[in-house]
Amino acid sequence: MLRQSIENLGNRTIQGVWRIGFAARFFLAVLLHSGTAFRRFGLTIREMYFTGVLSLIIILVSGLFVGMVLGLQGYETLQRFGSESTLGTLVALSLVRELGPVVAALLFASRAGSAITAEIGLMKATEQLSAMEMMAVDPIARVVAPRFWAGVISMPLLAALFSAMGIFGGYLVGVQLIGVDEGAFWSQMKSSVDFEQDIMNGVIKSVVFGIAITAIALFEGYDAPPTAEGVSGATTRTVVTSSLVVLALDFVLTAFMFRGIS
Amino acid sequence: MNKTVLDLWVGLFVIAGIAALLFLALKVGSASAVKASNSYEVIARFDNIGGLKPRAPVKSAGVVVGRVADIGFDNETYEAAVTLRLDKRYAFPKDTSAAIMTSGLLGEQYVGLEAGGDDQMLKDQDRIFLTQSAVVLENLIGQFIYGKAQEGAPQ
């Protein structure tokens, strides 16, 4: 009984290490074969339609509502101190630094990441990938690399759209609905949001999240057991793992980026 | 799959994303006001800087003319050495005075510059001699209470 459980533990550890090694090799292979993604850019554009354009609706609507809620809640707290004119700063800083990249990444992981995993997992289960290999077409170059670069390009654009939409939502609620002074809203925002410190760091974050989510989604799909159950398990793992990785990476990146600022 | 329609959508998506980035850059954020290339640094020493922080604005007549670049402590005179990075477009006389002020009652602290009458202008790495420390609320209240106590004391 005890021996059995120790054996299980060891087995699972070895499996985990094996998977990490395979994931690293896979990631390297994707990077090495990414020439195809740019030489045949049509493939990447096609994938950008599926990962980027089709995620637009959920990203824009969530951004708008997150911004509107920030406007409402921020106003509630700020007006106690009579500083509701800084509402713009609150909305813009929290969106550009944190909520934009992170929430957009979480939505991206569940909208696009799961789709990528399911698609590649099913391609593997129906032996389309093996068929490609038979025809001397490298599936990593033809299928995986374009999806990877499409995700990496789409993610920062989606995060920027999320932030812009959120600020618009905050403006709608704060200025149009509640009646915070419009000039104060924009000028306070402009004076305290720094382009390099806040906006560029937010963009860097979203690029990192894009790389992490797409790499995880592609790997889970490529590694999925070729059964219906295996593909569904891999899809679930993609969403769970990439959400956790996004949150952990966000903490690490924030600790590096915003240490110097008051 | 109709290829041209797809390309159009992706193109629109990329343009919208870049437009959002531009909106963030131009309307929401502002570039760090003073770049190292077109600025000069002057040093001011204060007895007490209160809650002044690096990157706090330096204002003259209410206009932002620079930022606080660095705050250090001089272990010989026991003063705070504040390095101010000022925009090259603005020149100030040598006898300009610097004071640490607060915007509003509880707002952020900034350095206020008041121009003097000297015909020599401040150059890079010059020092501002006339300084006025931050007002510490506790000291002010202490003085007020002390003054009140003196008033009420029997002669």
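This tour moves through a predicted model one selection at a time, from chain A to chain B.

**Chain A as a whole**

Begin by selecting chain A and colouring by secondary structure. Ten helices and zero strands will appear, and reading along the sequence gives the pattern α-α-α-α-α-α-α-α-α-α. Along the principal axes, the C-alpha atoms of chain A fill a box of roughly 65 × 55 × 35 Å. Of the 262 residues in chain A, 45% count as buried. If contacts in chain A are restricted to residues at least 6 apart in sequence, 87% of them join residues at least 24 apart.

**Helices α1 and α9 of chain A**

Next, select residues 2–32 and residues 195–223 of chain A, which are helices α1 and α9. The two helices pack at an angle of about 110°, and their axes are 10 Å apart. That angle makes α1(A) roughly perpendicular to α9(A). The crossing of α1(A) past α9(A) is right-handed.

Now show the side chains where these helices meet. On the α1(A) side, display A:F22, A:A23, A:F26, A:F27 and A:V30; on the α9(A) side, display A:A215, A:L218, A:F219, A:Y222 and A:D223. By class, this contact of α1(A) with α9(A) holds nine nonpolar residues, no polar residues and one charged residue.

**A:I213, within α9**

Stay on helix α9 of chain A and centre the view on A:I213, which lies in that helix. Is A:I213 buried or exposed? It counts as buried, because 29 C-beta neighbours lie inside 10 Å. To see what surrounds A:I213, leave out residues up to four places away in sequence and select A:A105, A:F108, A:A109, A:G113, A:G151, A:S242 and A:V246, which A:I213 touches. For a distance across the chain, draw a line from A:I213 to A:V180: the C-alpha atoms are 38 Å apart, while the residues are 33 apart in sequence.

**Helices α4 and α7 of chain A**

Move to residues 56–78 and residues 139–178 of chain A, helices α4 and α7. Their axes come within 7 Å and cross at roughly 40°. Such an angle makes α4(A) oblique to α7(A). What is the handedness of the crossing in which α4(A) passes α7(A)? The crossing is right-handed. Colouring the residues of this contact by class gives 18 nonpolar, seven polar and no charged.

**A:E127, between α5 and α6**

Select A:E127 in the loop between α5 (87–125) and α6 (128–134) of chain A. Its backbone deserves inspection: A:E127 has a positive phi of about 60° although it is not a glycine. A:E127 counts as exposed, since it has 12 C-beta neighbours inside 10 Å.

**Chain B as a whole**

Hide chain A and display chain B. Here the viewer shows two helices and eight strands, arranged from the N terminus as α-β-β-β-β-β-β-β-β-α. The radius of gyration of chain B is 24 Å, well over the 15 Å that the globule rule gives for 155 residues, so chain B is more spread out than a compact globule. Its C-alpha atoms fill a box of roughly 100 × 45 × 30 Å along the principal axes. Within chain B, 22% of the 155 residues count as buried. Of the contacts between residues at least 6 apart in sequence in chain B, 65% join residues at least 24 apart.

**B:A61 and B:V63**

Zoom in on B:A61, found in the loop between β2 (57–60) and β3 of chain B. Phi of B:A61 is near 55°, a positive value in a residue other than glycine. With 9 C-beta neighbours inside 10 Å, B:A61 counts as exposed.

Then step along to B:V63, in strand β3 (residues 63–74) of chain B. B:V63 counts as exposed because it has 10 C-beta neighbours inside 10 Å. A line from the C-alpha atom of B:V63 to that of B:D87, 24 residues along the chain, spans 12 Å.

**Where the chains meet**

Finally, bring chain A back and select the contacts between the chains. How many residues of chain B are in contact with chain A? There are 19, and they contact 25 residues of chain A. On the side of chain B that touches chain A, the residues divide into 13 nonpolar, four polar and two charged.

How values were computed: Residues are numbered from 1 along each chain as its sequence is written. Chains are lettered from A and ligands numbered from 1 in the order in which they are written. This is a predicted model: local features need pLDDT of at least 70, side-chain atom pairs count only at pLDDT 80 or more; totals for chains, interfaces and linings use all residues. Axes are lines fitted to C-alpha atoms, for helices over the stretch in contact, and angles run from 0 to 180 degrees between N-to-C directions. Helices (H or I, at least four residues) and strands (E, at least two) are DSSP runs, numbered from the N terminus. Angles under 35 degrees count as roughly parallel, over 145 as roughly antiparallel, 65 to 115 as roughly perpendicular and the rest as oblique. A crossing is left-handed if the near helix is turned anticlockwise from the far one by less than a right angle, and right-handed if clockwise. Ala, Val, Leu, Ile, Met, Phe, Trp, Tyr, Cys and Pro count as nonpolar, Asp, Glu, Lys and Arg as charged, and the others, Gly among them, as polar. The radius of gyration is taken over C-alpha atoms; the globule rule is 2.2 Å times the number of residues to the power 0.38. A residue is buried if 20 or more other C-beta atoms lie within 10 Å of its own, exposed if 12 or fewer, and partly exposed in between; C-beta atoms are placed from the backbone. Two residues are in contact if their C-beta atoms, placed from the backbone, lie within 7 Å.
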